[in-house]
Every structure is written in structure tokens, then in C-alpha cells.
Amino acid sequence: MCRSCATTTAPAETPVDAKSPAHGLSRRGLLAGIGLGALTVNLSLSTGASAAEAAEALEAVEAAEAAATMAAKNGAWANPALGRFPAGGHYGAPRGGASHAGQDISNSTGTAVHAAAAGTVVRRSWGGGLPGRTGNGLVIAHGGNQYTYYGHLSAYRVALNARVSAGQRIADMGATGNVTGPHLHFETHSGSLGATVNPVRFLAARGVDLAGGWSRIDPGASGATVVVIQHLMTRRGYALVADGQYGSVSVAAVKRFQSSKGLVADGQVGPATWPALVYTLRQGAGGAHVRALQTALNKRGARLAVDGAFGSVTTTAVRAYQSSNRLVTDGEAGPVTWRALTG
């Protein structure tokens, strides 16, 4: 893990997404809002409002918080790397007189590092030009005063000022700088470059499990992962247009699918729904589920024709992805490979 990579900035609360209705509010602010809502309820009771009206007002405040959280799980973010969380590599861990500025993800040198969201590479240098950091580093600006930092890299795969997409391979994991072994030091910054927030919580609020679990995609999401869902749903017998928009028609179909599997029919494609939705695929398969796989691989940079035919080219792409992410390299797309691809 990192020996340095520290910041003197106090750990911050995780903000909601810049595109969400509550942009600019931290979870603390949202909870404070609920507190104000409860205060409003008490005041309403003291001035003669009914208990039912007061309860309705509090319920509205709680619903607003839930909506703000859901709006952030829109498919715009992706897991930057696969590996394990080393002891002491968490956000806020003591580093001398300062605090660890990110989350460490350990794996072998050369493991793929992916962009956590679309943006522009604004730093590509030793330590990423940030104080207290060492090793080869990249900083990506995502707009809305949000940034991600990737440290201790063994190789760069994108140039300075390059535009990158979510899930694109941008670098290789390494052990450059002041470290005890190969890993990715990953940071999230919100409000300004240098204002770090907890990356595990930041990504969780956006539907991404930094520890490597299944993603969470909510109604209203858009993009390649939604296309993956739509292709898989079509294979399951729900003929959907693969337009990348997780709107009312797709949501209704997912809810029907969830109900048919005995799952909570909430429309969220998450850890309970993904395993029921994906297929184990290998060379020779064909159909919409293969189109889903090819779309997911393309999000990670495979550049495949989305033709629904699992031939030798798709097999090579699956094996390349598995190898670069230190998965079992067998060319078969099973649950572990799907989880990594869609995370």
C-alpha cells in the first residue's frame, strides 16, 4: 500500500452527483434537511396541523433524499480497477501527521486501470502534480468540479489532454513511488482539485462498488450499461429497443422480470438482478445476449462489431479483458467476468 499519498484536508462527506436535483449538498446536508423537516413537523403540530399532515411532510423530505441518491446511480461511473483492499489502505488512514487521501486497490503490476467516468486528462506526471503524492499519476477532470486521481502507475495508456470515456483503459497498475507493493491509489475530489472525499462512498452513491461487486443502475440511467441491460432483457423475452435510455418501457420490463424471478420489483438492476439476468457464454453462442457482452467489452475498449456472434474475435477480446484484469483467462463469459465488465 501507499507509504505516503496523504492530504492535510479533513475527510469530507460524500456529495451527491452534479446532475442530481440536490447538487451541492452533502449527505450531511441532506440529513440536516431531514432534521429541518422534522422540526417543521413539530412546529406544524404546535400550530394546529394534524399528525397526518406532519407525517406527510416528513415523508416528502425523506423521499427527496431517496430521489437524490437514486438519480446519481445513472450508469455514468465505472469501477477503476479490480483487486483487494489492503489493510491500512483506506481513506483517512493515518499517514504521519496527515490522512490517507484515497483508497488503495492491490493487484499485480500491469493490471488494467480504467477511467471511473468520462472526462479529460488534466495531469499526467509524477504524483499527478498533487502535494504528498508519489509515483506516476493521472488526474481526470469530469466536469462539475469533480476529479479522480490514479497513482503509482507502471504505465500510461492515454496522453495529457486526452478525452476518455467511462471504463476506458487509461493506465496499468504499478509500484512507482513510495509504496510497499503494486496497487492503484485511487482518489475522488469534489468541489475542487485537492478537496478529497471518501472514494468508496463516493462511488457507492453512484452505483459502483469499488470492492468489485455488481453495479446498481436506477431508472433514468443512460449509456452503454443500459444497452447491455436492454440486450439481455431482449434475450429474456422482453423485446426492448437498445437505445441506451433506461426509461419507462425498459423499467416496466425489468420490474416484470424481477417479479418473475421472485425479486423485489423496484426497477433497479443491482446485485440481486444482474446474476439472474446474465448468461454464461462461450464461443459459438449467438443472439442478443452476445450483443450485450460485446457492448460491455466495447465499454472497456474492445472495439468489437456488435453482431451477436460469439466467434474467435469476441473470444480473443474476452480473454484479453480477463487477462488484463487478472481474472481466470478461459474465454468464457461467466458471472465473475460479467460482474467485472458491468461494474
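Q: How do the residues of the lining of the second largest cavity divide into nonpolar, polar and charged?
A: The lining divides into four nonpolar, three polar and one charged residue. The residues concerned are Asn79, Ala81, Leu82, His114, Arg300, Tyr321, Asn325 and Ala340. Ala, Val, Leu, Ile, Met, Phe, Trp, Tyr, Cys and Pro count as nonpolar, Asp, Glu, Lys and Arg as charged, and the others, Gly among them, as polar. Ala81, Leu82, Tyr321 and Ala340 are therefore nonpolar, Arg300 is charged, and Asn79, His114 and Asn325 are polar.

Q: On what kind of model do these statements rest, and which pLDDT is needed?
A: This is a predicted model, in which local features need pLDDT of at least 70 and side-chain atom pairs count only at pLDDT 80 or more, while totals for chains, interfaces and linings use all residues. Residues are numbered from 1 along each chain as its sequence is written, and side-chain values use heavy atoms, with hydrogens and water left out.

Q: What volume does the largest cavity have, and which residues line the largest cavity?
A: The largest cavity has a volume of about 50 Å³, and the second largest one of about 30 Å³. The count is two cavities of 30 Å³ or more. Each is called a cavity because a 1.4 Å probe fits at its points on a 1 Å grid but cannot get out; lining residues have an atom within 4 Å of a point. The largest cavity is lined by Gly75, Trp77, Arg206, Gly207, Val208, Ser215, Arg216, Ile217, Thr225, Lys299, Thr342 and Gly343. By class, this lining holds three nonpolar, six polar and three charged residues.

Q: Why do Asp172 and Arg157 form a salt bridge?
A: Their closest N and O atoms are 2.6 Å apart. A salt bridge requires a side-chain nitrogen of Lys or Arg within 4 Å of a carboxyl oxygen of Asp or Glu, so the pair qualifies.

Q: Which parts of the chain does the pair of Asp172 and Arg157 link?
A: Asp172 lies in strand S10 (residues 169-173) and Arg157 in the loop between strand S8 (146-156) and strand S9 (163-164), distant parts of the chain with the two residues 15 apart.

Q: Why is Asp172 called buried, and what makes Arg157 partly exposed?
A: Buried means under 20% relative accessible area and exposed over 50%, with partly exposed in between (1.4 Å probe, protein chains only). Asp172, at 9%, is therefore buried, whereas Arg157, at 46%, is partly exposed. Arg169, at 21%, is likewise partly exposed.

Q: Where do Glu332 and Arg282 lie, and how do their side chains meet?
A: The side chains of Glu332 and Arg282 meet in a salt bridge (2.7 Å, N to O). Glu332 lies in the loop between H8 and H9 and Arg282 in the loop between H6 and H7, so the pair ties together parts 50 residues apart in sequence. Glu332 is partly exposed at 27%, and Arg282 at 45%.

Q: What joins Arg157, Arg169 and Asp172 into one network?
A: Salt bridges that share partners join these residues. Asp172 pairs with Arg157 at 2.6 Å and with Arg169 at 2.8 Å, N to O. The count comes to four salt bridges.

Q: Which residues of helix H9 are buried, and what covers them?
A: In helix H9 (residues 335-342), the buried residues are Thr337, Trp338, Ala340, Leu341 and Thr342. Their cover includes helix H4 (224-235), helix H6 (274-277), helix H7 (288-299) and helix H8 (312-324). Across the 343 residues of the protein chain, 50% count as buried.

Methods:
Helix = DSSP H or I, 4+ residues; strand = E, 2+ residues; numbered from the N terminus. Contact = heavy atoms within 4.5 Å. 1 Å grid on protein atoms, 1.4 Å probe; cavity = no way out; pocket = protein on both sides within 12 Å on 5 of 7 lines; lining within 4 Å. Points joined across faces, edges and corners; volume = space filled by probe spheres on them.
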